[in-house]
Amino acid sequence: MQLALAEIRRRRGRWASIIGAIAFIVFLVLILAALADGLFIGSTGALRSSEADGLVYSADGRRSLVRSELPIDDLSSVAAIDGVADAGALGVLLATAATDGDLFDIAVIGHLPGAVGEPTTLADGRPPSPGERHVGMADLSLRDKGIELGSFVLLTGSAQPVEVIGFVSDARYLLADTLWVTLETWESLRFEIRPETRGRGSVAQAFPIRIAEGADLETVAAAVDAALGTTETVSTDQAILSLPGVEQQASTFTAIIVVSFIVVGIVIALFFALITLEKRGQLAILKAIGSSNSLLLRGVLVQALIATVAGYVLGFGLSRLLALVLPPAVPVEFLAGTARTLFLATIVMGAVGAVLSFRRIIHIDPASALGGEA
Amino acid sequence: MTALIVDDVTKVYGSGHTEVRALCHATLELRDNEFLALLGPSGSGKTTLLSVIGGLLSPTEGTVTIGETALTELSKKEQTRFRANRVGFVFQGFNLVPFLTARENLTVMASISDAPRAEIEDRADQLLDELGLTDRRDNLPEELSGGERQRVAIGRALVSDPELILVDEPTASLDTELGTQVVQLLASEIKSRGKAGIMVTHDLRMVEYTDRTVRILDGELLDASD
């Protein structure tokens, strides 16, 4: 331990270079992970914030809120199925809104106040009451666009402004800001903005459901689909992964992050391979005077641990500095859980890289210390 | 008391046409408080004999006993531990750990041997004082002169209070004057502590500081003279 620490202390330049290399990779990985988390959170908030156990789509909607359409009259049938504790309704209208002359994309989501599907993340104000028209809850992200309690949001193609009476957090949909209104308001806005939808009667696009305690979601989903005949019921997790691009984004980022960690392992392994080669003579001397292999290997592990922890801390700091200067439009989310997982992954890869140099150290012959070979 | 018995040790490298007999039936005894010079030209087998005595190489035949311990009967792991506690080495060309100070090059033995750290640290300070290195204790090897480095190496060999000191060509990278000083110092440190020591050298001028000289040629111990 004394040796391992002294080597780092007195060979600062060399160790700074490996710590810098690890920090750079950690920085990249943390930014990528924050982007991945930001995209995931920004895309899926609307479904996650409802705390529904599952969603009922029309079978031909292929798990898409936009494509799916269900007669609102079917809601009572769903609610009556054994194992369904609560059922709500959701409808999504992708539109353009304006405040102070600025245009932005917005997802207007119709829901049944008080029923499952309504966001449970109220941050300010109040939710609309059942049947209350032309009022809604905005996602907190709309505050960046100057919207406050009492502001009116006017959708392009609509003459009916919606008054913001509450704010919810983490309720975005496919990276668009959301405005949560009653299903009646949603329907009237939809008829106005998408006139082709008129005349289809009252519809919702999905029925979020909460199952009774002790009930099995798969069994309940099968019962719903069997009773209605034209639906596909999936868990909320499946619904989230079925959102356009979510699964593809997650797997792409995961692949990049995994490759980056393999690079961390390779960088550490190469570094220790090089310094082991350079220190062959010194290691032979230490073995000759009685250092056991385990003492030397522990030293290498301690050094790898210090290099990876220092590299991580530096990379973490750099990523937070970058976050300060990133424009708000870049969807980065730094989650403590992700940071913890990546920290552990960095440590593990550092240890793996160090372990790869063990064989080389074990095979150094202490007899080479004599005869001037070392 | 007998400090070391080398009994009929043979070391053969390779086999068949490539066979090299580095040591042939070498037999040697060393008493406590005795400093022996092992004198021979390059390739005579003196380093091989030193390696076998230090438990760094296993002999093909024969046994090595240090004190009461049959070194050749121990496992590799046990031999490593034995070296840490009971054998001191002074290597050719100083061979200090470059990123440890003079004092740390001695106290590093606290991590390696079984002796308590406080004991090693006390002995390190005492040795540095005796070796005239107190003022240089916090200097790195690159900041020390050749003679100072060799003195640190002597201190490292003695700090864990071993019973046998093995010295490999201590004058190889020193001029005659400095080399003589180092060997004198080695002899006095070994003798004053009542240790047994073997110094491998090809420099005839250094044997006068030892109690006895054994010559080695082509792996055979030729003669022993008091």
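**Chatting through a two-chain model**

Student: Which residue of S7(B) stands opposite Val87(B)?
Tutor: Leu164(B) stands opposite Val87(B). Helices (H or I, at least four residues) and strands (E, at least two) are DSSP runs, numbered from the N terminus.

Student: And what are the ground rules here?
Tutor: This is a predicted model, where local features need pLDDT of at least 70 and side-chain atom pairs count only at pLDDT 80 or more, while totals for chains, interfaces and linings use all residues. Residues are numbered from 1 along each chain as its sequence is written, and chains are lettered from A and ligands numbered from 1 in the order in which they are written.

Student: OK. How many bridges join S6(B) to S7(B)?
Tutor: Four, and the two strands run parallel. Two strands pair if DSSP finds at least two bridges between them.

Student: Are the residues on the faces of S6(B) buried or exposed?
Tutor: Buried, on both faces. Val87(B) and Phe89(B) are on one side, with Gly88(B) and Val90(B) on the other. A residue is buried if 20 or more other C-beta atoms lie within 10 Å of its own, exposed if 12 or fewer, and partly exposed in between; C-beta atoms are placed from the backbone.

Student: What is Val90(B) in contact with?
Tutor: Skip the neighbours within four places in sequence, and the list includes Ala153(B), Ile154(B), Ala157(B) and Leu186(B). Contact means that the two C-beta atoms, placed from the backbone, lie within 7 Å.

Student: Where do the cores come in?
Tutor: The largest nonpolar core has 110 residues. Val90(B) is one of those that touch the most other members, along with Ile22(A), Leu38(B), Ile53(B), Leu166(B) and Ile198(B). Helix H2 (residues 12-48) of chain A gives the most to this core, with 14 residues. Apart from it lies another core, of 59 residues, including Val56(A) and Val220(A). A nonpolar core is a set of buried Ala, Val, Leu, Ile, Met, Phe, Trp, Tyr and Cys residues joined through C-beta atoms within 7 Å.

Student: Why is H6(B) largely enclosed by the rest of the structure?
Tutor: Because 10 of its 13 residues are buried. Among them are Arg149(B), Val152(B), Ile154(B) and Leu158(B). What covers them includes S6, H5 (117-130) and H7 (176-192) of chain B.

Student: What should H6(B) span?
Tutor: For its 13 residues, 146-158, the expected span is 18 Å. The end C-alpha atoms are 19 Å apart, which agrees. The expected span of a helix is 1.5 Å times one less than its number of residues.

Student: New topic. What's the order of the open sheet of four strands in chain B?
Tutor: S2-S1-S4-S5, with antiparallel pairing. S2 (20-31) and S5 (69-70) are the edge strands, each pairing on one side only. S1 (residues 2-13) and S4 (residues 61-66) of chain B share five bridges. Val6(B) sits opposite Val64(B) there.

Student: Now chain A. Which residues of S8(A) are buried?
Tutor: Val153(A) and Leu155(A), which point to one face. Phe152(A) and Leu154(A) point to the other and are not buried.

Student: What does S8(A) pair with?
Tutor: Two bridges join it to S4 (residues 90-99) of chain A, running antiparallel. There, Leu155(A) is the bridge partner of Ala97(A). Two more antiparallel bridges join S8(A) to S9 (residues 162-168) of chain A. Phe152(A) has Glu163(A) as its bridge partner in S9(A). In this hairpin, with six residues between the strands, Gly157(A) takes a positive phi near 95 degrees.

Student: How many residues of chain A are in contact with chain B?
Tutor: 22, against 25 residues of chain B. H1 (2-10) and H8 (280-288) of chain A each supply at least two residues on the chain A side. The largest share, five residues, comes from H1(A).

Student: Where does Glu7(A) lie?
Tutor: In helix H1 of chain A. Glu7(A) counts as buried because it has 20 C-beta neighbours inside 10 Å. Beyond its neighbours within four places in sequence, Glu7(A) is in contact with Gln303(A) and Phe99(B). Gln303(A) is 296 residues away along the chain, yet the two C-alpha atoms are separated by 8.8 Å.

Student: Last one. Where in chain B is confidence lowest?
Tutor: In S10 (residues 220-225), at a mean of 72. Confidence is highest in H3(B), at 95. Chain B averages a pLDDT of 90. That is the predictor's confidence in each residue, from 0 to 100. The model scores ipTM 0.91 and pTM 0.80.
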